Amino acid sequence: MAPRGRLYGCPVEFALDALGGKWKTVILARIKQGPLRYSELRRSIPSLSDKMLTQRLANLVEIGFVALEASPDGKGRYVLTERGRDLAARGDVHGRADGVRFRTDTETRQGA
């Protein structure tokens with residue numbers, strides 16, 4: 001992610017820079033389901049290397065989509081921030097308006 005104060009041509013350019021690459025969106029999707037420890041994230045995305053996961057998590061924390069908080073047992077876990085939840089909500093609203101289906105919809109119906 002670019003340093004604070006970088007000049008972007010428009011908000012879309014910033015958004016694509018902030019979320020660019022495959023792994024950030026995958027990580028956000030996993031954390032959106034609930035707070036996760038590093039090891040839980042690592043197991044949920046086996047094709048992602050430790051180095052890449054560490055770098056992407058640090059970047060998501062830096063830009064404010066994810067925070068590292070202490071869990072009840074004192075160990076750290078990653079959670080979506082308000083900014084991250086807002087991003088997820090916007091994707092839900094705009095996606096549904098365009099007729100997009102989400103995997104979580106089909107999983108909920110199968111479990112019901």
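Read along the sequence, the elements of this protein follow the order α-α-α-α-β-β-α-α. That order is made up of 6 helices and 2 strands. The model is predicted. The notes below cover the protein as a whole and then one residue, Thr81, in the loop between β2 and α5.

**Overall dimensions and packing**
- The C-alpha trace of the protein extends over about 50 × 40 × 25 Å along its principal axes.
- The protein has 112 residues, and 25% of them count as buried.
- Of the contacts between residues at least 6 apart in sequence, 39% link residues at least 24 apart.

**Surface and charge**
- The protein has an accessible surface of about 7700 Å², and carbon and sulfur atoms account for 55% of that area.
- There are 20 positive and 13 negative charges in the protein, and the mean positions of the two sets lie 4 Å apart.

**Thr81 and its surroundings**
- Thr81 sits in the loop that joins β2 (76-80) to α5 (82-97).
- Thr81 counts as buried because its relative accessibility is 19%, and the cut-off for buried is under 20%.
- With neighbours within four places in sequence left aside, the residues in contact with Thr81 are Gly64, Phe65, Val66 and Ala67.
- Gly64 also takes part through its backbone oxygen, which the side chain of Thr81 reaches at 2.4 Å.

Methods. Residues numbered from 1 in each chain as written. Predicted model: local features only at pLDDT ≥ 70, side-chain atom pairs only at ≥ 80, totals over all residues. Heavy atoms only, no water. Helix = DSSP H or I, 4+ residues; strand = E, 2+ residues; numbered from the N terminus. Buried < 20%, exposed > 50% of the residue type's maximum accessible area, 1.4 Å probe, protein only. Polar contact = N/O pair within 3.5 Å; in protein donor to acceptor, adjacent residues only side chain to side chain. Contact = heavy atoms within 4.5 Å. Areas by Shrake-Rupley, 256 points an atom, 1.4 Å probe, with all protein chains shown as cover. Lys, Arg positive; Asp, Glu negative; His and termini not counted. Charge placed at Lys NZ, Arg CZ, Asp CG, Glu CD.
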